[in-house]
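Biologist: I've got a model open and I'd like to learn how to read it. Could you walk me through a few features?

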Amino acid sequence: MTNILKNIFSVFSDENHKNKHFKVFKMLGLELRFQIHKKIRGKNNKIFLKKDGNLEELNGTIPGLFIFINGENNKIILEEPYKFVNSAIICEGQNNTVIIESTKYTFEKLSVDIGHNQHNRKVHIKKNVSVVEVEIFCWAAGGTVTIGEDCMISCGVVISNGDGHKITKPNSPIAINIGYNCEIGNHVWIAQRTYIGKNVKINDNNIIGACSVVTKSFNENNVVIAGNPARIVKEDVEWHR
């Protein structure tokens, strides 16, 4: 009898459907999917909106943005104005912070992942950043990912301050691939399909060419960084939107 009733009407989650998050209502063989915009588990987790310098706690949802929090004492601050399209913030662990400052552009397919149940991590996206498609992984415990003002991020970009898995020497428990921070300066153009890895700092007013793999810091300004591994391929340049 129970199985018959389930076939007539049931409600279940389908969080992996096309990388979106849905609640599915099934009735008489028909399925209706409704996208979930916010899911919070744990204690003392807060989402704030910042407007005119004032913080107020978010009671509703934000169009185009899915937020999932699982842990304790996590904080997300979103500054108006903003526009999200197919974007998500995943935050697991304790005492983690996500700050996204205001922008006159669009965050399209912005994915911020503070997963792996680590603690004391921070992602900070500063003013007037534009995104076509980027995955930001802040996996290293106590680490940060910072993106400076007026950056332009193209499609298929990955920025990560950790590898997600430990690498050791044979017969040793000590990790040799520890990540901490990843910092992108102001007015940096990151072209499509670029990977920027752990412990990397990129200075201001630079261009990172398409399909680059950046695994070391660049302290120069007004240069083009490109290749695998990335290197400086042109100097004394500037870019404009």
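Modeller: Below we go through the sheet, some backbone oddities and a charged patch.

Modeller: Ground rules: this is a predicted model, so local features need pLDDT of at least 70 and side-chain atom pairs count only at pLDDT 80 or more, while totals for chains, interfaces and linings use all residues. Residues are numbered from 1 along each chain as its sequence is written, and side-chain values use heavy atoms, with hydrogens and water left out.

Biologist: Which order do the strands of the open sheet have?

Modeller: Strands are DSSP runs of E, at least two residues, numbered from the N terminus, and two of them pair if DSSP finds at least two bridges between them. Here eight strands make an open sheet, ordered β4-β7-β10-β13-β16-β19-β22-β25, with parallel pairing. At the edges stand β4 (38-43) and β25 (213-214); each has a single partner strand, so one side of each lacks a neighbour in the sheet.

Biologist: How many bridges join β13 to β16?

Modeller: Four, between residues 110-114 of β13 and residues 134-137 of β16, running parallel. Leu-110 faces Val-134 in β16, and Ser-111 sits opposite Glu-135 of that strand. β10 (residues 87-94) also pairs with β13, again parallel and over four bridges; there Cys-91 is opposite Ile-114.

Biologist: How many residues of β13 are buried?

Modeller: Buried means under 20% relative accessible area, exposed over 50%, and partly exposed in between (1.4 Å probe, protein chains only). In β13, four of the five residues are buried.

Biologist: Now the backbone. Where are the cis peptide bonds?

Modeller: One joins Glu-80 and Pro-81, with omega about -5°; Pro-81 is in the loop between β8 (75-79) and β9 (84-85). Another joins Asn-228 and Pro-229, with omega about 0°, and Pro-229 is in the loop between β26 (223-227) and β27.

Biologist: And which phi values should I look at?

Modeller: Try Asn-73, not a glycine, yet its phi is positive at about 60°. Asn-73 is in the loop between β7 (65-72) and β8 and is partly exposed at 34%. Lys-109 also has a positive phi, near 55°; Lys-109 is in the loop between β12 (107-108) and β13.

Biologist: Last one: is Glu-238 buried or exposed?

Modeller: Exposed, because its relative accessibility is 57%. Glu-238 is in the segment after β27 (230-235).
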